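Here is a short briefing on one protein model. Keep the sequence and the 3D view side by side as you read.

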Amino acid sequence: MTTALLETIAGNAKAVDNNEIPARYGIELLGAREGFRRTTLLETARQLREIAAVDLSVAFGIWAHTMVITYLRTADTDYVRYVLPALENGTRPGVTGMAPAFKEAAGAGTIDLTATPGEDGYLLNGTLAWASNLAEDAVVVTAARTPAGERLLVAFDGCAPGVTLGTPFALLGLNATSSAGITLENVPVPHGQVLSRDFDAFISAVRPTFLILQTSECLGVADAAIDAAATRLTGLNEVLAEDVAEVRERVTHLIHTQELICAVLDDDAVVDRVKLLELRLAAARAAVDATALEVRLAGGAGYAQNSPASRRFREAAFIPVQSPSETQLKWELRRAKQEG
Ligand SMILES: Cc1cc2nc3c(=O)[nH]c(=O)nc-3n(C[C@H](O)[C@H](O)[C@H](O)COP(=O)(O)OP(=O)(O)OC[C@H]3O[C@@H](n4cnc5c(N)ncnc54)[C@H](O)[C@@H]3O)c2cc1C
């Protein structure tokens, strides 16, 4: 990732926060510079962490887009070979409507979309409560259940017949990420757009990337916030020096752990699911702690909506909510430990 590119993203962060520039521009920018070409997980994770350090909204859009590319590469079908170039060069955005699928895989929820067999494939019905990067030209990946109970991973266009993209409404942050619900009414999905019928194997294959790249979102914003906090430790603020040092140490340690795990995954070795969940949960907490410290140290200026401290604080408030939520992560970890 070039310094110039990061400077451009940093320079636009305020306008993105004000919803004057859609976060999608980050996907276009990175795509034009071959930023979505196949590379190691370590490089992808570093790149996303650097982007999250300058703008979490842009990083979140890029995370979702990268996940769709990951799903498609994992499926590697004729349809994928047709559609993938437009995602890799950033001209079409990817929408990951996968929270219910990951919740189902964890035993914490169910896939609500239905896939009814039709003449040439399936008809999808139901609602996805949330998804980001919504656009008519998007490629959406999600999961649906057939009447026989089969769980399918499917892809469809944002402009396919029967798709209604929700209208984004005011959020605490991330307003430029085009996030809302999707309603599906008899959306045709030809057989060729079924990415996988082996639900468990597919989720197991993509889960490490999913969690590692979410960890990048968390650690990027945490790194930037704690760096900014550390510049304000004079006078009265000295009383928070130990707190800042503790979070700084935690963030540095977590970045190191993330990089070690990426290297292991890049070697095609298996990393225990518990280790990935622990890293993701610790990174989420570090993001919340770092931004909370920064906003305290910034004082009144941190409460002004257009300050970087306020932007990071509001954007990071999404992290405990992002699926798997903090609650789900704690629940999954407790269950995994009970199962031994
Ligand atoms: C701005 C924004 C963008 C988003 N973008 C995307 C996206 O691109 N893709 C995507 O897939 N999702 C997206 N989401 C959804 C997000 O990832 C979460 O899935 C969503 O916020 C719901 O979280 P939840 O699982 O806690 O479920 P909710 O249904 O909202 O949970 C409500 C409450 O019930 C609790 N709860 C959850 N499950 C259970 C259970 N089984 N039993 C008992 N209690 C339970 C939760 O802890 C919470 O307290 C987005 C959300 C937002 C706000």
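Helices and strands here are DSSP runs, numbered from the N terminus; a helix has at least four residues and a strand at least two. The model is predicted. With that in hand, Asp268 can be placed in the loop between helix 8 (241-266) and helix 9 (273-298). The points below are grouped by topic.

**Backbone oddities**

- Most residues other than glycine have a negative phi, and most peptide bonds are trans.
- Asp268 is not a glycine, yet its phi is positive, at about 65°.
- Asp268 is exposed, because its relative accessible area is 71% and the cut-off for exposed is over 50%.
- Leu174 also departs from the usual sign: its phi is about 60°, and it is not a glycine.
- Leu174 sits in the loop between strand 6 (163-165) and strand 7 (180-190).
- Is Leu174 buried or exposed? Leu174 is buried, with a relative accessibility of 7%.
- The peptide bond between Ser323 and Pro324 is cis, with omega at about 0°.
- Pro324 belongs to the loop that runs between helix 11 (308-316) and helix 12 (326-339).

**Around the ligand**

- Which residues come nearest to the ligand? They are Thr96, Lys103, Ala108, Ser132 and Ser323, out of 17 residues around it.
- The backbone of Met98 places an N or O atom 3.3 Å from a ligand oxygen.
- Ala99 has a polar backbone atom 2.9 Å from an oxygen atom of the ligand.
- At Ala108, a polar backbone atom lies 2.8 Å from a ligand nitrogen.
- On its own, the ligand has 940 Å² of accessible area, and the protein covers 58% of that.

**Nonpolar cores**

- In soluble globular proteins, nonpolar side chains tend to be buried together.
- The largest nonpolar core in this model has 89 residues.
- Tyr71, Leu72, Leu195 and Ile212 touch the most other members of that core.
- Helix 7 (residues 199-230) gives the largest share of this core, 15 residues.
- Another core, of 23 residues, lies apart from it and includes Leu113, Ala115, Ala135 and Val140.
- Leaving out residues up to four places away in sequence, Ile212 touches Leu41, Ala45, Gln258, Ile261, Cys262, Leu265, Leu276 and Leu279.

**Cysteines**

- How many disulfides does a search of the whole structure find? The search finds zero.
- Why does Cys218 not form a disulfide? The closest cysteine sulfur, in Cys262, is 13 Å from the sulfur of Cys218, so the pair is too far apart for a bond. The cut-off for a disulfide is 2.5 Å between sulfur atoms.
- Cys218 is buried, with a relative accessibility of 1%.
- Cys159 is partly exposed, and its relative accessible area is 48%.

**Charged residues and a tyrosine**

- Arg73 lies in helix 4 (residues 56-75).
- The side chains of Arg73 and Glu88 are joined by a polar contact of 2.7 Å.
- Beyond its neighbours within four places in sequence, Arg73 is in contact with Phe36, Arg37, Arg38, Val80, Leu84 and Glu88.
- Tyr82 is part of helix 5 (residues 78-88), and it is exposed, with a relative accessible area of 66%.
- Along the chain, Tyr82 and Arg38 are 44 residues apart, and their C-alpha atoms are separated by 16 Å.
- Glu259 is in helix 8.
- Why does Glu259 count as buried? Its relative accessibility is 17%, and buried means under 20%.
- Not counting residues up to four places away in sequence, Glu259 touches Leu42, Arg46 and Arg49.
- Arg273 is found in helix 9 and is partly exposed, with a relative accessible area of 29%.
- Setting aside residues up to four places away in sequence, Arg273 touches Arg207, Glu332 and Ala336.
- Arg273 and Thr252 are 21 residues apart in sequence, and their C-alpha atoms are 22 Å apart in space.

Methods
Residues numbered from 1 in each chain as written. Predicted model: local features only at pLDDT ≥ 70, side-chain atom pairs only at ≥ 80, totals over all residues. Heavy atoms only, no water. Polar contact = N/O pair within 3.5 Å; in protein donor to acceptor, adjacent residues only side chain to side chain. Contact = heavy atoms within 4.5 Å. Buried < 20%, exposed > 50% of the residue type's maximum accessible area, 1.4 Å probe, protein only. Near = heavy atom within 4 Å. Areas by Shrake-Rupley, 256 points an atom, 1.4 Å probe, with all protein chains shown as cover. Core = buried A, V, L, I, M, F, W, Y, C linked by side-chain atoms within 4.5 Å.
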